[in-house]
Amino acid sequence: MLTREENELLTRVERGTPAGELLRRYWQAVGVAGEFTDEKPIKAVKVLGEELVLYRDKKKNYGLVGEHCPHRSASLAFGRVDEEGIRCPYHGWKFNNSGRCLEQPAEPPGSTFKDRIKHTAYPVEKLGGLLFAYLGPEPRPMLPRWDVLAWEQGRRWIVIDSVIDCNWLQPMENSVDPAHLYWLHGDSAHLAPIVRDYDERHEFSCFEYGIMKRRITPPKKSGGQLLIDQHPLLFPNVLRHVAPYRKDGGFRHNLQIRIPIDNTHTQVYRVSFVPCETERSPADADAPFEYSRLKTAEREYNMKEVSAQDSMAWETQGAITDRTREHLGIDDEGIILFRKLLKEQIEVAQRGQDPIGVIRDPDKNRIIEFDVMNERIGLHRPSNSVLDQKAVAS
Ligand code: FES
Ligand SMILES: [Fe+2]
């Protein structure tokens, strides 16, 4: 249980709030590169409570600027792009992707007024088909080259979920809540054979990039074999896991990136990568993408889909769930650990230091691979894994 003040501290995302300032220390996904075309080069986006416009100019460079023009506040979402930058639809002021005002057509020739205008602008980088922006203080860290985004030998694609109507912390707490798999997702096809016989234990440990979560199914419930499912929460708002890939009986490696739109709405991007010999997906190329509708109307969830099952649970907890009313049990250990880590890292950021997982060393950022496994579906621990059965069973 949290106090009302603690709940506010951990959930609020606007600039100047403790969690909002922490989240701004990390690159955040703001769009999918493939959505931007010559016909549709501009999109309004809201991230961490800030109203912004993401665009691709005619030189195919991306920019993320404040939505409202600093002249008289018309929306740049209805503007047009030039060779470089974006032009306001109202009186034609033009801005580049670092927020400099390049032109003010109605001002007299030789005017220096434009040089005194600095519009909100954030750096944008593309990786694995996603566009990421950094909204925090300089010097900016490196955009993490997580494996699912940076691997090239295989197939990558992106799913853009419909907006989830709740605070970002609910999906993230769900990522350190392994017990829900059986009950919320148990009737989904790939879990059905094992769901009826619940017996497992869970372990959580902090590591360099967040929290590693481990689900251990004892031999007596899994045909004489101890089975481990292990994957990380990448702090603060990403889940890395692995799932069956039904088309070929293999696996797909996944990232679920949960972006706070504002305090009560969250945008989830799901990136999948299937390693295979016959296909290449360059890390700097656009990736194919699709949209997913999690519900058809208020409280009408597409409950056949695992993602919709999750979003039902998160949304029905409340827009910002009231954690003064909860009753956490022994198996909520992961949630307690995550909140503790979040509080600690808020304080680290408040001291002006880099919180966990922020990367500044290029040698650490070639490709960041994780020790992910899911033995229930046949993705086994590597032969040199320290997780030998004896160690885990003890
Ligand atoms: S409001 Fe944008 S140029 Fe006037
Ligand atoms: Fe789930």
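Two strands pair if DSSP finds at least two bridges between them; strands (E, at least two residues) and helices (H or I, at least four) are DSSP runs, numbered from the N terminus.

This is a predicted model, in which local features need pLDDT of at least 70, side-chain atom pairs count only at pLDDT 80 or more, and totals for chains, interfaces and linings use all residues. Residues are numbered from 1 along each chain as its sequence is written, chains are lettered from A and ligands numbered from 1 in the order in which they are written, and side-chain values use heavy atoms, without hydrogens and water.

Q: How do you know that strand E6 and strand E7 pair?
A: Two bridges join E6 (residues 86-87) to E7 (residues 94-95), and at least two are required. The two strands run antiparallel, with Arg 87 opposite Lys 94 in E7.

Q: What makes E5 and E8 edge strands?
A: The open antiparallel sheet has the order E5-E6-E7-E8. E5 (80-81) and E8 (101-103) each have a single partner strand, so one side of each lacks a neighbour in the sheet.

Q: Which protein atoms count as donors of the iron ion (ligand 2)?
A: NE2 of His 180, NE2 of His 185 and two OD atoms of Asp 310 lie 2.1 to 2.6 Å from the iron ion. Donors are N, O and S atoms within 2.8 Å of the metal (3.2 Å for Na, K and Ca); water is not among the atoms, so sites may look incomplete. Along the chain, the donors follow the spacing H-x4-H-x124-D.

Q: Why is the arrangement around the iron ion (ligand 2) called irregular?
A: The four donor atoms subtend angles of 54 to 149°. Tetrahedral needs all angles between 85 and 135 degrees; four donors count as square planar and six as octahedral if opposite donors are over 155 degrees apart and all others between 65 and 115; anything else is irregular. The arrangement is therefore irregular.
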